[in-house]
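Here's a quick tour of a two-chain model, written for someone who likes to poke at coordinates. Have a look at the structure first, then read on.

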Amino acid sequence: MKAPSFDYARPASLAEALQLLARHGERAKLLAGGQSLIPSLNMRLAAPEMLIDLGALKELQGIAPQGDGLRIGAGTRHREIEHSALVAQRAALLAQAAPHIAHVAIRNRGTLGGSLAMADPAAEWPACCVALQATLVIASARGERRVGAGQFFKALYSTDLATDEILVAVEFPAPAPKARSTFLELARRRGDYAMVGLAALASRGAGKLAGVRLAFLGVAAVPVLARRAMAAAEGRQPDANTIAAVQSAIGEDLQPGADLYTSAAAKLHLARVLTGRALAELAR
Amino acid sequence: MTETSRMEELFETTITVNGTRVTRRVAARTHLVDFLRDELGLTGSHTACEHGVCGACTVRVDGEILRGCLMLAVQANGRTVDTIEGLSDSGEIRDLQAAFHERNALQCGFCTPGVLMTAQDLLRNRPQATRDEIREFLSGNLCRCTGYQAIIDAIEAVLVARRQARSA
């Protein structure tokens with residue numbers, strides 16, 4: 001199908017974009033990489049009066065050190081994150097997750113901020129940001145504010161962003177000493193929507209796991225931090241007993257709903273399988 | 001239809017397509033593949049799913065492959081676009097086309113332009129790819145005829161041949 005008619009603006013600065021957004025509000029949609037918005041326009045699931053194209057905003061670009069952590073502009077494309085040496089060093093989880101996002105032709109266009117603002121329940125970046133305790137930087141004509149990734153995702157395709165706000169950047173804290181991470185995802189084919197995915201990190205000192213973070217995607221409307229499972233792993237040696245205890249705790253953390261292809265029971269089972277693999281990987 | 005009820009604003013858009021600079025006035029809602037096909041008559045890039053799933057519309061913009069149905073023509077303003085016509089005419093993929101021919105890597109041919117664009121991106125950027133990696137790289141291009149085996153065979157053959165040509 002073809003997109004319905006809409007007006008189009010390509011502001012040259014963030015200030016200009018915020019003015020446009022303040023003026024047009026809910027009648028406008030922000031266009032980032034367009035890899036979710038343009039399909040929904042083509043299929044006429046969305047019919048905004050105006051698209052505000054963020055593609056020219058330098059303020060949204062770039063991957064830069066911030067202290068010992070990292071700041072990534074919301075307009076940064078998946079592909080840039082995938083191949084960034086700085087990301088591999090300071091937020092390796094992102095580099096591990098990126099190859100799972102759709103296909104190269106999509107990763108060349110889609111952006112970090114676009115994916116986070118879209119908040120697809122099967123998307124990779126939301127779970128990674130929750131696992132890494134990232135902070136989202138949000139701007140509006142009223143000023144700038146910051147919100148933790150854990151508070152950002154509200155419901156299905158719904159976030160903390162108000163209609164006059166633009167996601168500007170994401171800040172990632174410095175990795176803990178000896179931090180390791182792994183990103184695992186099950187899909188029917190590479191690039192398909194995830195049945196279940198897991199963004200996991202932990203440090204390993206004196207043979208024990210510390211700072212364990214397990215964030216799941218594809219099991220609920222928003223990313224799920226598996227708190228009981230994390231507690232079951234914390235301070236433990238990653239041996240078979242620990243892994244079994246953590247896998248058992250997953251049942252208390254997750255109540256996945258069935259999707260078109262995968263039953264709730266299968267999703268829970270697969271989440272446990274991924275948990276076992278992730279802990280084994282983190283323990284290596 | 002509601003579109004006819006008001007004048008649609010047109011945006012002057014200049015794109016270098018297969019080496020030639022073209023300027024047209026386009027509606028914002030026109031995606032790149034419709035622009036290439038309808039405005040320029042370059043019908044090698046195909047429109048099928050028009051929501052980014054099938055890969056039949058794959059084109060190269062500023063040297064990178066993307067879904068032509070998921071980029072607006074106005075977003076390509078000032079950029080360089082290469083289509084299957086350009087890659088074919090320049091001889092850039094002559095060996096790839098020959099390998100597809102030899103191995104029957106196409107039947108109806110509908111997906112073929114997109115598959116060739118994707119395959120050429122792999123050949124350029126991942127010359128060391130394994131067979132599994134070729135398969136994975138092609139996962140975003142749907143083919144309903146061949147069962148993929150012959151496509152993977154053809155790409156692998158060219159990968160090996162180009163590698164040998166470089167080391168010779």
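Let's start with one helix in chain B of this predicted model. The face of α3(B) that points away from its buried side carries three exposed residues: Arg94(B), His101(B) and Glu102(B). On the buried side of this helix, which spans residues 94-102, sit Leu96(B), Gln97(B), Ala99(B) and Phe100(B). Why do these four end up on the same side of α3(B)? Because they cover an arc of only 160° around the axis. As background, an α-helix has 3.6 residues a turn, so residues three or four places apart point the same way.

What do the buried residues of α3(B) pack against? Their partners are α2 (84-90), α4 and α6 (149-167) of chain B. Just past the end of α3(B), Asn104(B) takes a positive phi of about 55°.

Zooming out, the domain assignment splits chain B into domain 1 (2-83) and domain 2 (93-167). Their C-alpha centres lie 25 Å apart. Across the boundary, 11 residues of domain 1 of chain B are in contact with 10 residues of domain 2 of chain B. On the domain 1 side, strand β3 (residues 58-61) of chain B gives the most, with three residues.

Now for the contact between the chains. Here, 28 residues of chain B meet 27 residues of chain A. On the chain B side, β4 (64-67), α4 (112-125) and α5 (131-137) each supply at least two residues, and β4(B) has the largest share, with four residues. Note that α4 of chain B turns up twice: it supplies residues to the side that touches chain A, and the buried residues of α3(B) pack against it.

Here is how the two contact sides divide by residue class:

| Contact side | Nonpolar | Polar | Charged |
|---|---|---|---|
| Domain 1 of chain B, touching domain 2 of chain B | five residues | five residues | one residue |
| Chain B, touching chain A | 10 residues | nine residues | nine residues |

Finally, chain A itself. It has 12 helices and 14 strands, and its C-alpha trace spans about 60 × 45 × 30 Å along the principal axes. How does its radius of gyration compare with that of a compact globule? With 284 residues, such a globule would have a value near 19 Å, and chain A has 19 Å, so the two agree. Buried residues make up 51% of chain A. Among contacts in chain A between residues at least 6 apart in sequence, 62% join residues at least 24 apart.

Definitions and conventions
Residues are numbered from 1 along each chain as its sequence is written. Chains are lettered from A and ligands numbered from 1 in the order in which they are written. This is a predicted model: local features need pLDDT of at least 70, side-chain atom pairs count only at pLDDT 80 or more; totals for chains, interfaces and linings use all residues. Domain bounds come from an automatic or database domain assignment. Two residues are in contact if their C-beta atoms, placed from the backbone, lie within 7 Å. Ala, Val, Leu, Ile, Met, Phe, Trp, Tyr, Cys and Pro count as nonpolar, Asp, Glu, Lys and Arg as charged, and the others, Gly among them, as polar. A residue is buried if 20 or more other C-beta atoms lie within 10 Å of its own, exposed if 12 or fewer, and partly exposed in between; C-beta atoms are placed from the backbone. The arc is that of the directions from the helix axis to the C-beta atoms. The radius of gyration is taken over C-alpha atoms; the globule rule is 2.2 Å times the number of residues to the power 0.38.
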